[in-house]
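Here is a walk through one protein model. Keep the sequence and the coordinates in view as you read.

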Amino acid sequence: TYTTDTKSREENKKTIENLCSLSVDIKKIRRLKEWVLLQDVAYVKETAGILKEMGADEAAVANILERCPEAILHTPEEINSQRALWQLVCQNEKQLIKLIEQFPESFFTIEYRENQKANILFFQELGLKNNIITRFLTSAPNIFYNPVEKNKTVMETLQRNYLSLGGSDANMKIWILKLLSQNPFILLNTSTAIQESLEFLQKNYFSDHEVLQLLSKLKGFIFQLTPTTMQKSMLFSKNVFKCSDQELKQLVLKCPALLYYSVPVLEERLEGLLKEGISVAQIRETPMVLELTTQIVQYRIKKLSALGYDIKSGTLENLNGTKKDFEVNYGKIQSKKERPIFNPVAPVHIED
């Protein structure tokens, strides 16, 4: 029978004893990351001590170590260095321990500490608020693993393109910070990829102002696409809506999802709408409906139908928007239906 090295090695009894004394579920660790229990050296008590010092109670310590058992393999010095680093952007230790409880893996990835520190300082210099940087540390930690020079190059590319597309110096910083706050993953792109995406749009007759508009509407997600995928999506929409290049451009500006979603996604959503009896002409009139998943569309149509609203003959505008937008529209239709018809000038008949 084939056995790996880890299978032939024994679990570290001392590690298990120390974890059990902290009420940590060993079965959970065995199931998810057994390799941690096989290491010769572990700092269970020390790691727990640091977490408690920061304000974590016993239940929180057990939860953190169950979710991220590799935390016990870092030395106390390493953990304290990471603690000092995150304190650069946390208001206090109470906030820090709360973040560690929610995102232990992000905190205990400390191999890139030098890069993390340089990037935190760079983001602070850029003018990003500390609460946004903490959000990045927890939800997009890999942007901190890049060398700071790489992130600086991407930011310079964005700034240069913003100005060349007609953006003003006065607004550039606000625009860049907003774009970065909405989508920090922009930094995982290369400068070349960013350049290629913008050139593709310009070659497809989008004016500089329109390109800027698309970047803002798509929150920078456009840089996660390639010219090839954008070309395929645009060609699909052109064939479905039977429109000219200029008409297609207007549709994309109205609904950037036509550019952002892949052909299989657009196909599935279009099919879902057609099955509900909605026509291509209606979709062309209100293309934003393609931003919604088939399940959401079906749910909303069902709710509107219950009020007697016929989606086939009505406007698709009532299907659109966020959950909140839809609830507002739904409420208006509902109150209109329930309101009694009253004619203020009609004679009032009073029986004797």
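Is Cys20 buried, partly exposed or exposed? Cys20 is partly exposed, and its relative accessible area is 44%. That places Cys20 between the cut-offs of 20% for buried and 50% for exposed. Bear in mind that this is a predicted model.

Now look for disulfides. A search of the whole structure turns up 0. Cys20 takes part in none; its nearest cysteine sulfur belongs to Cys68, 18 Å away. A pair would need sulfur atoms within 2.5 Å, so Cys20 and Cys68 do not qualify. Cys243 is in no disulfide either. Its nearest cysteine sulfur is that of Cys255, at 12 Å. Cys243 is buried, with a relative accessible area of 8%.

Next, the overall division. The protein splits into domain 1, residues 10-110, and domain 2, residues 225-336. Taken over C-alpha atoms, the centres of domain 1 and domain 2 are 47 Å apart.

What lies between them? The largest nonpolar core does, because domain 1 and domain 2 both give residues to it. This core has 106 residues. Helix α12, residues 169-182, supplies the largest share, 6 residues. In soluble globular proteins, nonpolar side chains tend to be buried together.

Within the core, Phe123 and Leu259 have the most contacts. Follow Leu259 outward, leaving aside neighbours within four places in sequence. Leu259 then touches Phe200, Leu201, Leu214, Leu218 and Ile222, among others. Its contacts also include Leu225, Met230, Ser233, Met234 and Val252.

Conventions: Residues are numbered from 1 along each chain as its sequence is written. This is a predicted model: local features need pLDDT of at least 70, side-chain atom pairs count only at pLDDT 80 or more; totals for chains, interfaces and linings use all residues. Side-chain values use heavy atoms; hydrogens and water are left out. A nonpolar core is a set of buried Ala, Val, Leu, Ile, Met, Phe, Trp, Tyr and Cys residues joined through side-chain atoms within 4.5 Å. Buried means under 20% relative accessible area, exposed over 50%, partly exposed in between (1.4 Å probe, protein chains only). Helices (H or I, at least four residues) and strands (E, at least two) are DSSP runs, numbered from the N terminus. Domain bounds come from an automatic or database domain assignment. Contact means heavy atoms within 4.5 Å.
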